Amino acid sequence: MWSFETDEAFQTELDWVETFVREEVEPLDLVFRGPGDPWDPDSPAAGAMAPLREIVKKRHLWACHLGPELSGEGYGQVKLGLMNEILGRSRFGPSVFGCQAPDSGNAEILARFGTPKQKAQFLQPLLDGKIASCYSMTEPQAGADPAEFTCRAKRDGDGWVINGEKWFASHARFAEFLLVMVVTNPERPIHEGASILLIEKSTAGLEILRNAAVGPYVEQGDGVHGYLRFTDCRVPAENLLGEEGKGFLVAQTRLGGGRIHHAMRSVGVLKKAMDMMCERVLSRTTKGELLANKQFTQEKIADTYTEIMQYRLHVLYTAWLIDKYKEYNREVRKEISAIKASTPKILQEVVYRAMHIHGSLGMSDELPFMNMWTNIPELGVVDGPTEVHKVGVARAVLRDYEPTNDLFPSYHVPAQFKAAMKKYGRFLN
Ligand SMILES: Cc1cc2nc3c(=O)[nH]c(=O)nc-3n(C[C@H](O)[C@H](O)[C@H](O)COP(=O)(O)OP(=O)(O)OC[C@H]3O[C@@H](n4cnc5c(N)ncnc54)[C@H](O)[C@@H]3O)c2cc1C
């Protein structure tokens with residue numbers, strides 16, 4: 001059954017979220033501009049967010065994509081998608097609603113693979129929004145190709161000893177714990193020889209060498225993406241999450257979700273850019289008429305609307321697939337990769353158009369377009385570069401096709417015509 005409708009009760013919630021985000025959450029972006037503000041429990045923004053989070057919890061919209069066993073509402077990905085379209089308008093939206101990355105994915109991993117003690121110590125405070133977490137996989141010499149990973153954990157008595165480096169570990173500087181992908185068996189191919197370890201922030205041997213930032217506006221070293229070094233860093237054996245060698249299987253719990261959540265929030269950014277573009281063209285006059293009356297502008301509006309509509313439906317369709325299949329099977333992974341690859345492209349088109357239509361004002365620090373613009377490149381590499389996802393999509397698409405052994409293709413018209421004539425030719429007489 002197909003349906004493009006939102007049920008009435010949830011639409012009421014979405015309307016409430018829309019007003020709440022515009023009136024209470026978006027102003028946070030103007031006041032708290034530090035790179036870690038939405039996620040850092042020690043940021044001054046945390047104080048401003050606390051009462052908003054309480055309101056969201058009372059409204060039963062906190063972490064609502066998680067099941068009731070994780071104190072969520074079990075709304076699933078489609079409803080989260082519809083909410084994220086609104087939350088994406090603000091850097092603080094996901095944090096105020098308890099669905100911020102990487103914490104939401106890390107919570108799912110802990111819930112599935114953590115011991116009761118780990119859950120009590122980390123999961124509940126994480127779900128309550130009281131602590132932050134980090135997910136660290138990328139290494140300085142290797143990101144897109146895990147086969148190049150060298151950060152190694154060796155079993156030693158009742159623990160694991162880690163040596164190596166990690167790069168761009170977001171939020172490591174204020175995370176209470178890190179989930180780190182390490183090589184546990186270098187003899188095996190990486191997808192069978194890597195595992196995920198839980199590492200507490202103050203563990204001896206864990207060092208943050210630098211904190212890189214995205215964009216030019218942050219003081220160097222004051223970013224939130226940690227360059228980590230592990231030197232004989234020892235953690236107890238039970239800090240292995242899932243089975244030894246099954247790290248990528250464990251990671252899938254979060255990565256698929258994370259990728260689609262970026263896309264959902266991007267719908268929010270796109271809509272915000274379009275809203276601003278539409279108000280501007282209806283207000284600005286040049287050469288005796290409104291910008292809105294010029295055909296070049298109308299083309300920009302029409303293309304923007306159509307592209308957002310197409311992208312949005314693809315995102316929601318993928319969310320629906322995840323809800324339907326629960327696990328990230330091939331079909332789901334194909335769509336997740338397809339929307340992941342198309343995200344930076346549509347943002348580039350739409351944000352550029354919206355900025356351009358505002359002229360000098362658009363690129364000034366008095367409008368949010370340059371901030372939006374700076375964030376676009378990260379969506380082309382975070383959780384895997386566009387090229388890698390496109391390769392995945394192409395492989396998945398081609399799996400459904402067969403080659404022909406004939407000299408001419410199976411759809412060669414002369415052969416098809418001959419067969420069609422055999423079927424229907426007699427009616428020509
Ligand atoms: C804002 C931000 C936050 C991040 N947060 C985290 C985090 O919390 N934890 C974490 O572990 N990592 C994080 N990352 C790292 C991210 O996952 C990596 O950047 C990503 O996997 C790519 O790795 P790389 O940067 O080493 O690029 P590389 O692997 O060096 O790739 C660079 C470029 O090479 C090309 N390329 C790579 N592979 C192929 C291919 N197969 N075919 C064709 N071209 C290819 C692409 O153009 C690609 O962009 C974050 C990155 C950003 C930007």
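Which element gives the most to the shell around the ligand? These legends start from that question and then visit a few other spots in this predicted model.

**View 1. The shell around the ligand.** Strand β3 is the answer to the opening question: β3 gives the most to this shell, with three residues. In total, 20 residues surround the ligand, and the closest are G143, A144, S170, P385 and E387. The elements that give two or more residues to the shell are β1 (132-136), β3 (159-170), α12 (369-381) and α13 (386-398). Sorted by class, the shell has 11 nonpolar, six polar and three charged residues.

**View 2. The ligand and its two domains.** Here you can look at domain 2 (132-245) together with domain 3 (251-398). Because both domains give residues to the shell around the ligand, the ligand lies between them.

**View 3. Helices α10 and α13.** Two packed helices are described by the angle between their axes and the distance between the axes. Helix α13 is one of the elements of the ligand shell, and α13 also packs with helix α10 (residues 330-357). Their axes are 8 Å apart, at an angle of about 140 degrees. That angle makes α10 oblique to α13. The crossing of this pair, α10 and α13, is left-handed.

**View 4. Helices α1 and α3.** Now meet helix α1 (residues 8-31) and helix α3 (residues 76-87), whose axes come within 9 Å. The two axes cross at roughly 20 degrees. Angles under 35 degrees count as roughly parallel, and α1 and α3 are therefore roughly parallel to each other. Where α1 passes α3, the crossing is right-handed.

**View 5. Helix α5.** Helix α5 covers residues 103-113. Why is α5 described as largely enclosed by the rest of the structure? The reason is that eight of its 11 residues are buried. If you would like to find them in the model, the buried residues of α5 are D103, S104, G105, N106, A107, I109, L110 and F113.

**View 6. Residue A48.** This view stops at a single residue, A48, found in helix α2 (residues 44-58). Is A48 buried or partly exposed? A48 counts as partly exposed, because it has 18 C-beta neighbours inside 10 Å, while a buried residue would need 20 or more. You can also follow the chain from A48 to Q124, 76 residues apart along the sequence. The C-alpha atoms of A48 and Q124 are separated by 21 Å.

Methods: Residues numbered from 1 in each chain as written. Predicted model: local features only at pLDDT ≥ 70, side-chain atom pairs only at ≥ 80, totals over all residues. Near = placed C-beta within 6 Å. Helix = DSSP H or I, 4+ residues; strand = E, 2+ residues; numbered from the N terminus. Nonpolar A, V, L, I, M, F, W, Y, C, P; charged D, E, K, R; others polar. Domains from an automatic or database assignment. Buried ≥ 20, exposed ≤ 12 C-beta atoms within 10 Å, placed from the backbone. Axes fitted to C-alpha atoms, helices over the stretch in contact; angles between N-to-C directions. Parallel < 35°, antiparallel > 145°, perpendicular 65-115°, else oblique. Left-handed = near helix turned anticlockwise from the far one by under 90°.
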